Amino acid sequence: MEQSYYEILEVSKNASAENLKKAYRKLALKYHPDRNQGDKDAEEKFKAVNEAYQVLSDPQKRETYDRYGKDGLNGAGGFGGFSADFDINDIFESFFGGFGGAGGSSKRRTRRNEKYPADIEISLTIDFHEAVFGCEKEVEYKNKTACSACHGTGAKDGKISTCKHCGGSGRISQRQGFMSFVQECPYCHGSGEMAIEKCPKCKGGGFEEHKQSLKITIPEGIDNSMRMRVADAGNIMPSGGKGDLYVLIRVREDEHFVRHNNDIYVDVPVFFTQAALGEKLIIPTLRGSKELELPVGAKDKQQFVFENEGVKDVNSKRLGRFVVQISIQYPKNISDEQAELLKKLQESFGVKSGESTAANKSVFEKIAGWFKGE
């Protein structure tokens, strides 16, 4: 069964214009071709999202669609048909000012006469403590320069002709139902030009690759999936301009500490007698040891917060929290002597063996008061 436009945008039929816009922004970012290169399924979903938004964002088209469905938009149901030609990239850029402006990828679009993008993105995996406290890393990658034989044209002797598929416009139309999508020409990749004969040195790619090594400083507090920009360390274009290098940071998980934004969480095992007595514990933190004084009768999963002991924010430099959650441990096996001691302790609180405390109100109140410190 074909999905409705509302289902495609994951909104209800009474969604407001603002909610439609938010849904479109979210899904367009998710399925944008720059993020899903070579993924045909994502490409089709991106087209469907754009088609749905084109209809539902127009009050008149939306009313027609709500009453008559797609047939109404195609001319059935007593309405004249309509056709819409639009460039999905232009729509996307009208929202975000280009894909880089959306906070996703930072890659700049390739100019019509350029065979490769200016910017490069690589990933770098670092340890947990390196992300928390910062470090220096040496990264190795390859960048592109214009082919010396064809000067970046990809054509033998630099001889090029107008692309016969798009007529030199760099874009082609593809009709789906009642709508016509304008996309980058897949034959000339938007340049509007094609090589009469491919350059034998670069095989038509227009570039040569070179190994690079660069030392970069990882700032204190960087988090997983953040990107660092290194200016002028990207590809070198035929015009001589330099792109940027973007480093996508991946952070390995720590065995004990768990990070959420700038807060650190740690699970500390506590023996049941320590919780009952309210003992003082020495716990590990990011910057050394801290003393934690448990209240008498501390509960399982109870949390204790140390302010300004978390991770330093990479921008504001404010410190997050360090949150200790205790996990009360009980012995799996006890000796006869230990069992006898526990029974005596139990009886000292007025609890008889085999009797529920709820059955004896006075005993229940007594124990409840003990946990409250009365």
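Here is a walk through this structure, one region at a time. Keep in mind that the model is predicted.

Let's start with four cysteines. The UniProt record, an unreviewed entry, places the feature "binding site" at C147, C150, C199 and C202. They span 56 residues in sequence, yet no two of their C-alpha atoms are more than 9.0 Å apart, so they gather at one spot. Two of them are worth a look in turn. C150 sits in the loop that runs between β3 (135–146) and β4 (160–162). With a relative accessible area of 1%, C150 is buried, because anything under 20% counts that way. If you skip the neighbours within four places in sequence, C150 is in contact with A155, C199, C202 and G206, and two of those names, C199 and C202, also appear in the UniProt feature.

Now hop over to C202, in the loop between β7 (193–195) and β8 (207–218). C202 is buried too, with a relative accessibility of 11%. Leaving out residues up to four places away in sequence, C202 touches C147, C150, G154 and F207. That last contact, F207, has another partner: K144 lies over the face of its ring, at 4.9 Å from the ring centre.

While you're in the loop between β3 and β4, find H151. Its phi is near 60°, which is positive even though the residue isn't a glycine. Why does that stand out? Because most residues other than glycine have a negative phi. H151 is exposed, at 60% relative accessibility, whereas C150 is buried.

A similar backbone angle turns up at N308, whose phi is also positive and near 60°. You'll find N308 in the loop between β15 (303–306) and β16. At 49% relative accessibility, N308 counts as partly exposed.

Next, the strands. β11 (residues 257–260) and β12 (residues 263–271) run antiparallel and are joined by four bridges. The two make a hairpin with two residues between them, and N261 in the turn has a positive phi of about 55°. One place to see the pairing is H260, whose bridge partner in β12 is D263. β12 also pairs with β16: these strands run parallel, with eight bridges joining them. Look for I264, which stands opposite F322 in β16.

Follow the chain past β16 and you come to Y330, in the loop between β16 (322–329) and α8 (336–348). Y330 is exposed, with a relative accessible area of 58%. What does its ring pair with? The partner is F272: the two ring centres are 5.4 Å apart and the planes are at 25°, so the pair is stacked, given that planes under 30 degrees apart count as such. F272 belongs to helix α7 (residues 272–277), so this pair links distant parts of the chain, 58 residues apart. The structure holds eight aromatic pairs. Elsewhere, Y5, Y6 and Y65 form one aromatic cluster.

Finally, there's helix α8 itself. It has 13 residues and reaches 18 Å from its first C-alpha to its last, close to the 18 Å expected at 1.5 Å a residue. After α8 comes G350, with a positive phi near 80°.

Key: Residues numbered from 1 in each chain as written. Predicted model: local features only at pLDDT ≥ 70, side-chain atom pairs only at ≥ 80, totals over all residues. Heavy atoms only, no water. Phe/Tyr/Trp six-rings, centres within 6.5 Å; stacked < 30°, edge-to-face > 60°. Buried < 20%, exposed > 50% of the residue type's maximum accessible area, 1.4 Å probe, protein only. Lys NZ or Arg CZ within 6 Å of the ring centre and 35° of its normal. UniProt positions renumbered as here; feature names shortened; annotations may be inferred. Contact = heavy atoms within 4.5 Å. Pairing = 2+ DSSP bridges. Expected span 1.5 Å × (residues − 1).
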